[in-house]
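Open the model in your viewer and keep the selection panel at hand. Each stop below says what to pick and what is there.

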Amino acid sequence: MMQNKIVITGLMGSGKSTVARFLKKRGERVFFADEDAKNLIEGELRDEILSLSGGEDYKNIFFHDLKLKKNIEKIVYSRLYQDYASSSGGYYEIPLYFESQNIAKKQGFIPDKIIYIYTDESHRLERLRTNRNITIEDIKRRDSFFMDPAKAILLSDVIIKNNGSTKDLIEKVKLL
C-alpha cells in the first residue's frame with residue numbers, strides 16, 4: 001500500500017531530527033537523508049566522490065568549496081531522490097529539501113506534504129552552541145546554504161514553531 005510522502009525540513013538545530021526520531025519511535029516509516037547520503041557516499045558513490053574531491057576526504061572541504069559541494073550534492077541527491085521516488089512512502093527528513101528540490105522533481109520525488117520546523121534564531125543558536133558545541137561563525141556559514149526561512153515557510157504545507165522544550169515539540173507533532 002502506498003503511503004503519502006511527507007518531507008520534514010528546517011534549518012540546522014530547528015528540531016527536525018527530533019520530530020523524525022519521534023515518528024520512527026511511534027512506528028512510522030522514516031527516511032533520514034543525511035544518513036542515507038552518507039551511506040551512498042561511503043558506499044556505491046565513494047569512488048566517484050573521491051575522484052571529484054581529488055582523493056581528499058570530502059568532509060574536510062565540503063563546506064569550504066562551493067563548486068565541489070554543488071557537484072557532490074547533484075550526484076548524491078540524484079541517487080537519493082531516485083531511491084525516494086521508488087519508495088512506498090513515509091516521512092523523509094531532508095535538511096536541504098528546498099535547496100535540492102529541482103533535483104527531486106527531475107528524479108520523480110514529489111512529496112504530498114512538506115512540514116517545516118521553525119525555531120527563532122536565538123533559540124536555535126543557543127541549542128547548537130550548547131548541544132553540538134558549534135561556533136556562531138560556523139552556524140552562520142552553514143545557514144548560508146539554506147533557503148531563507150521566510151521563503152521556506154511560504155513553500156511549506158505545515159509549519160511547526162519550535163521555541164519550547166522537546167516535550168512541547170512532540171505534543172505539536174502528535175496533533176498532526
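The tour starts with the sheet, moves to the helices and ends in a loop. Keep in mind that this is a predicted model.

**Stop 1: the sheet**

Show the strands alone. How many strands does the open sheet have, and in what order? There are 5, ordered E2-E3-E1-E4-E5, and the pairing is parallel. Now colour the edges: strand E2 at 30–32 and strand E5 at 158–161. Each has a single partner strand, so one side of each has no neighbour in the sheet. Turn the view to see the twist. On average, neighbouring strands are turned by 20° against each other, direction ignored.

**Stop 2: pair by pair**

Select strand E1, residues 5–9, and strand E4, residues 113–118. They run parallel and are joined by 4 bridges. Pick Ile6 to find one bridge: its partner in E4 is Lys113.

Keep E1 and add E3. These two also run parallel, with 4 bridges between them. Here Lys5 stands opposite Gly90 of E3.

Next, take E2 with E3. This parallel pair has 3 bridges. Select Val30 and look across to E3, where Tyr91 is the bridge partner.

**Stop 3: Ile115**

Stay in the sheet and select Ile115, which lies in strand E4. Is Ile115 buried or exposed? Its relative accessible area is 3%; burial here means under 20%, so Ile115 is buried. Expand the selection to its contacts, leaving out residues up to four places away in sequence. Ile115 touches Ile6, Val7, Ile8 and Thr9, and also Tyr91, Val158, Ile160 and Leu176. Draw a C-alpha to C-alpha distance from Ile115 to Val7: it reads 6.0 Å. In sequence, those two residues are 108 apart.

**Stop 4: a helix across the sheet**

Add helix H2, residues 33–42. Helix H2 lies across E2 and strand E3, the latter spanning 90–93. Its direction makes an angle of about 55° with E2.

**Stop 5: two helices crossing**

Hide the sheet. Show helix H1, residues 16–25, and helix H10, residues 166–174. Their axes come within 10 Å and cross at roughly 60°. H1 and H10 are therefore oblique to each other. The crossing is right-handed.

Now turn on side chains. Which residues of H1 meet H10? They are Thr18, Val19, Phe22 and Leu23. On the H10 side, select Thr166, Leu169, Ile170, Val173 and Lys174. Colour this contact by class: it has 6 nonpolar, 2 polar and 1 charged residues.

**Stop 6: Asp143**

Jump to helix H8, residues 136–143, and select Asp143. The relative accessible area of Asp143 is 15%, so this residue counts as buried. Show its contacts, again without residues up to four places away in sequence. Asp143 touches Leu11 and Arg124.

**Stop 7: the loop before H8**

Step back to the loop between helix H7, residues 121–132, and H8, and select Asn133. Where does Asn133 stand, buried or exposed? Asn133 is exposed, with a relative accessible area of 69%. Check its backbone too. Phi of Asn133 is near 55°, a positive value in a residue other than glycine. Most residues other than glycine have a negative phi.

Key: Residues numbered from 1 in each chain as written. Predicted model: local features only at pLDDT ≥ 70, side-chain atom pairs only at ≥ 80, totals over all residues. Heavy atoms only, no water. Pairing = 2+ DSSP bridges. Axes fitted to C-alpha atoms, helices over the stretch in contact; angles between N-to-C directions. Contact = heavy atoms within 4.5 Å. Parallel < 35°, antiparallel > 145°, perpendicular 65-115°, else oblique. Left-handed = near helix turned anticlockwise from the far one by under 90°. Nonpolar A, V, L, I, M, F, W, Y, C, P; charged D, E, K, R; others polar. Buried < 20%, exposed > 50% of the residue type's maximum accessible area, 1.4 Å probe, protein only.
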